[in-house]
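Reader: Hey, I'm new to this one. Could you walk me through it?

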Amino acid sequence: MTDIKLPELGEGVTEGELVKWLVKPGDTVKADQTVAEIMTDKATVEVPTPVAGTVKELLFKPGQIIKVESVIVKLESGAAATASATTTTAHKPSTPVAATQSTATVDVKLPELGEGVTEGELVKWTVNIGDTVKADQTVAEIMTDKATVEVPTPVAGVVKEFKFKKGDVIKVESVILTLSGSASTAAQPQAHTNGHAAKSTTSAAPTLMMASTTATTAAGIFPPVADSKVLATPATRRLAREMGVDINGLPGSGLAGRVTREDVLSAKGGSASVTKGTGTGAVSAGTPTMNFPKPAYNSTNAALEERVDLVGIRKKIAQNMQMSKAVIPHFTLMDEVDVTQLVAIRDSVKDFAEKNGTKITYLPIVMKALIATIKEFPMFNASIDDANSQIVYKKYFNIGFAADTPNGLVVPVIKNADQKTILEISKEILDLSKRARDGKLKPDEMKGSTITITNIGSVGGMYATPIINHPEVAILGMYKIQDKPVIKDGQLAAIKVMNYTITADHRLIDGAVAANFLKSFFAKIQNPGVLMMGLT
Amino acid sequence: MQNFDIVVIGSGPGGYVAAIRSAQLGFKTAIIEKEALGGVCLNVGCIPSKAMITATHLLHKAQHDFKTMGLNIKGGIDVDMKTLVSWKQSVCDKMSGGVNQLLKGNSVTVIKGTADFKTTQELTVKSSTGTDTVKAKYFIIATGSRPIEIPGFAFDEKDICSSTGALAFDTIPKRVVTIGGGYIGLEISSYLRKLGTEVTVVEANTSLLSGVVDPECAQVVARKAEKAGIQFKFGAKAKGQKKTKDGYEVTVEINGKDEVIKTDKILVTVGRRPNGDQANIKGVGIQTDDRGFIKVDAQRRTNISHIFAIGDICGQPMLAHKASHEGVMVAEIISGINRVYDAKTVPAVVFTDPEIASAGMTEAECKAKGYNDLMISKFPFAANGRAVSMSETDGFVKMIADKKTHILLGVHIVGPEASNLISEAALAIEMGARLEDVALTIHPHPTLGETMMEAAEATLGHAIHIIQKPLGGAHKTATVTK
């Protein structure tokens, strides 16, 4: 029998109030398991048992004040007993074996999140420590690229431990939380352990313990240990570790691929935000890494301010925008175009579209005009590979469109839009927009755009200067349609005009080229007949 | 009841180093030792054996080289074993005392006694003065290893000895049978032979130090040991021993046949086993593997997150310098610094005659790692001026490099001061040096160190002091694919 005492609760704290017991008599506990919650002056403290065993007696009731060092639980020491008397364990394995079994833990891993997605950022836990969860119940929300994915637990159990905290970037297959096993999950190892205990007396104790403890592995250390083939001096390896840079994935600029100090320093940026300290399993974001200053905001009026964590989609947007603005020298060209014909055409197909179960907006038509124009100006459907000093021209046309959602900006993508009809694109836009608002987009549906359209005009504003969706090199802005009086053939006439902007990467696209681009684009918008000529 | 931030169990080269660094980092630190400070290394291992080897090496030089050099000793050399052993002990005491001072100077509390985990938060420490409880936020287990005992050869440390007993012999035994031709057995056998003992080494493998060092290096040592008069029984299994009137009879089985060897003392050096079965390590749930090593991750953390294990207890290689490296690392990890064990090589040294030292991989290990195109060459000590002038010309420096990049993968030295030469190789390997880096570094003349530079040159195909093929156009630096 072991007495579990109330341990030190903090400097100067001599007693605490028992909030609740987390175990009951008969429960089996393992070393370090929380048995009670104690409230002190300021904080509620979880009290762990230092040894494993079976709870015999709880000596206090919730609400009672307990002095530090008082005995709070009487424990029949299971583990210690099995270890010191291995031979007896072998002969009558039933009690201790069964006892250890019920505390078997199950690791819940981050499942595959989508093709090519290797990691995601923890937005929040949807369960709490101590919660009982059912199989398939959502336990966490993970944000990948731009979508938030709900992660279910494959098995039922009681949530024991979270391995990550909000904002951590987690690699697929990392253990994200542990559950203390339910009866069903424990059943299998029990049979296994019984066999062992009977067969080998000397290994009985460690085998029993294995069922209840999660061995920490190299996988829990971040950055991962440098492979022996990595060419870097010990000092460089240490620098990489301290900066949270995974040296294994770092291309070395030195002779024979040697990773230099400079390589590590320049790789630091993107990952530094998530890897301070001895994080367990947090990994660097997959996006390009840059080192931005991180100035603090010192509150002068904190009482009237609210601080929330910059996480999730907002953080991703912040990173992307900062990077794009820093990398790309932007310029924006603005003009208006007569869309009288376009409006007429769109009105004329309204009924047709409704019969086909959709609604035609201007966006799919603009998309078609854009594709026709970038086929003439391939530098608008390109990327710059800065690492290799190359321009990448894309022979496929994936058009992203900026969608405003309650969580912030996302950019769903119409893949191979050049091969789809306006009707098909319309349906796809409606579907993607709705799911974007609901936060149900799959990561793949927000990847791979080659150029983006922002349709802020549907909200308001004459013109804007949008930010290019890096690694793209251009973004088309479309704005409100307005009636405008003009003098046409000496007569005052009412036409409809629409404002457009083309924002381009000046490294690749010169001002005159952008002007010609807009001119060609306007020709198609102004006279949709021209656009039809080019349709395949 | 005493309370600390960090408690280190065991004061060997892992433990005391961990304790000092912990204290340097500002932790309230204690170290628990049941025997002498400094552990096996300082008291019954590395240091005393080196003292004995140094003394007997001088004796051997005096007996064999002095005459050639014109130094005649009249009447021979009288070995006073009692003085030798007490000098050896004074070396140990000096080192152990030094550790004590360092611990005191860093305000580490030294607790004498035997520690057992009571819970994962506290230890009971039994000593001659009673039993105390010691609590800590973190524990570092550095309880090391002990010699393996084999059936039928229970240690009495007088006649049937582990290294501990053999190092304490205060008379020169006439005959010794050494069971196990590993490095510990060979080091002790070699110096006993120099003192005049008839030594028979019984080894289960077919060669010495097999699987431990480069086979060519082992050959040089085997040849010299045989020449010195050490008897070797390879492929031999020690079956048992019997006490007789004038000593012991050891029965060994060779090729299915039993053979009896008469001896006065039996030295059993078949390896060391981790002390994972002590200190109630398993009792509180710390996981060990089936050989008794505590399971740890690359930060040397056990399955219980506030308990670490370093040195012999946490895995191979069981070498003091690996333990020290881990000791520093773990203290820093506890202080919140992100560290991990990522050393490319743990150099190993064997104080045989001549010494063997290695860093990096052997040829077989390189192949296993996927390096198929290797450059391998040797440079003999016989071609080195300093070695010749020391009259120590046995051995060579062997280098192994990747042919594609010329990056140094392994260095294996057998020869004089190999133990002192290997550090350069370890540095080169950790730095990812190429053969050219070593070859183009000016090495001072006349030193044994020149052999490193020459071996690098030899591996590139053009050492100066041995005859190699004409260079042709190959003198240009090989282009290395980036």
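Author: Sure, and one term comes up right away: a residue is buried if its relative accessible area is under 20%, exposed if over 50%, and partly exposed in between. Also keep in mind that this is a predicted model.

Reader: Ok, so what share of chain A is buried?

Author: Buried residues account for 45% of the 536 residues in chain A.

Reader: And how many helices and strands does chain A have?

Author: Chain A has 15 helices and 26 strands. If you take the contacts in chain A between residues at least 6 apart in sequence, 62% of them join residues at least 24 apart.

Reader: Can you show me one of the sheets?

Author: Here's one in chain A: four strands make an open sheet, in the order S13-S12-S10-S15, with antiparallel pairing. Its edge strands are S13 (147-152) and S15 (169-171) of chain A, each of which pairs on one side only. From one strand to the next, the twist averages 45°.

Reader: How many bridges join S12 to S13 there?

Author: Six bridges join strand S12 (residues 138-144) of chain A to S13(A), and the two run antiparallel. For instance, A:Thr138 has A:Pro152 in S13(A) as its bridge partner.

Reader: Switching topic: how do the two chains meet? Which residues of chain B supply the most area against chain A?

Author: Let me start with the totals. In chain B, 44 residues are in contact with 41 residues of chain A. About 3,400 Å² is buried between chain B and chain A, and carbon and sulfur atoms give 54% of that. As for your question, B:Gln287, B:Asn338 and B:Lys344 supply 18% of the area that chain B buries against chain A, more than any other three residues.

Reader: How many polar contacts and salt bridges are there between them?

Author: Between chain B and chain A there are 12 residue pairs in polar contact, counting pairs with both residues at pLDDT 80 or more. The salt bridge count between the two chains is three. Over all chains, the structure holds 45 salt bridges.

Reader: What does A:Arg237 pair with across the chains?

Author: One partner is B:Asp342, with the closest N and O atoms 3.9 Å apart. That pair runs from A:Arg237 in helix H6 (residues 234-243) of chain A to B:Asp342 in the loop between helix H8 (320-334) and strand S18 (348-350) of chain B. A:Arg237 also meets B:Glu430 in a salt bridge, at 2.5 Å from N to O.

Reader: Are A:Arg237 and B:Asp342 buried or exposed?

Author: A:Arg237 counts as buried because its relative accessibility is 4%. B:Asp342 is buried as well, with a relative accessible area of 18%.

Reader: Which residues are linked in a network of salt bridges?

Author: A:Glu242, B:Arg21, B:Glu332 and B:Arg339 are linked that way.

Reader: What about a salt bridge inside one chain?

Author: Try B:Lys239 and B:Asp258, whose closest N and O atoms are 3.2 Å apart. They link distant parts of the chain, 19 residues apart: B:Lys239 is in strand S12 (residues 236-244) of chain B, and B:Asp258 is in strand S14 (residues 257-263) of chain B. Both count as partly exposed, B:Lys239 at 42% relative accessibility and B:Asp258 at 47%.

Reader: And in chain A, how far apart are the closest N and O atoms of A:Lys24 and A:Asp27?

Author: They're 3.3 Å apart, in a salt bridge. A:Lys24 counts as exposed, at 53% relative accessibility, while A:Asp27 is partly exposed at 21%.

Reader: One more spot: where is B:Asn384?

Author: B:Asn384 sits in the loop between strand S20 (374-380) and helix H10 (385-389) of chain B. It counts as buried because its relative accessibility is 4%. A polar atom of the B:Asn384 side chain lies 2.9 Å from the backbone nitrogen of B:Ala387. Leaving aside neighbours within four places in sequence, B:Asn384 is in contact with B:Thr447, B:Leu448, B:Glu450 and B:Thr451.

Reader: Last one: which strand holds A:Val45?

Author: A:Val45 is in strand S5 (residues 44-48) of chain A, and it counts as partly exposed at 21% relative accessibility. Beyond its neighbours within four places in sequence, the contacts of A:Val45 are A:Leu9, A:Ala36, A:Glu37, A:Ile38 and A:Thr40.

Technical notes. Residues are numbered from 1 along each chain as its sequence is written. Chains are lettered from A and ligands numbered from 1 in the order in which they are written. This is a predicted model: local features need pLDDT of at least 70, side-chain atom pairs count only at pLDDT 80 or more; totals for chains, interfaces and linings use all residues. Side-chain values use heavy atoms; hydrogens and water are left out. A salt bridge is a side-chain nitrogen of Lys or Arg within 4 Å of a carboxyl oxygen of Asp or Glu. Buried means under 20% relative accessible area, exposed over 50%, partly exposed in between (1.4 Å probe, protein chains only). Two strands pair if DSSP finds at least two bridges between them. Axes are lines fitted to C-alpha atoms, for helices over the stretch in contact, and angles run from 0 to 180 degrees between N-to-C directions. Contact means heavy atoms within 4.5 Å. Buried area is the accessible area (1.4 Å probe) that two parts lose on being put together, summed over both. A polar contact is a pair of N or O atoms within 3.5 Å; within protein, one must be able to donate a hydrogen and the other to accept it, and residues adjacent in sequence count only if both atoms are side-chain atoms.
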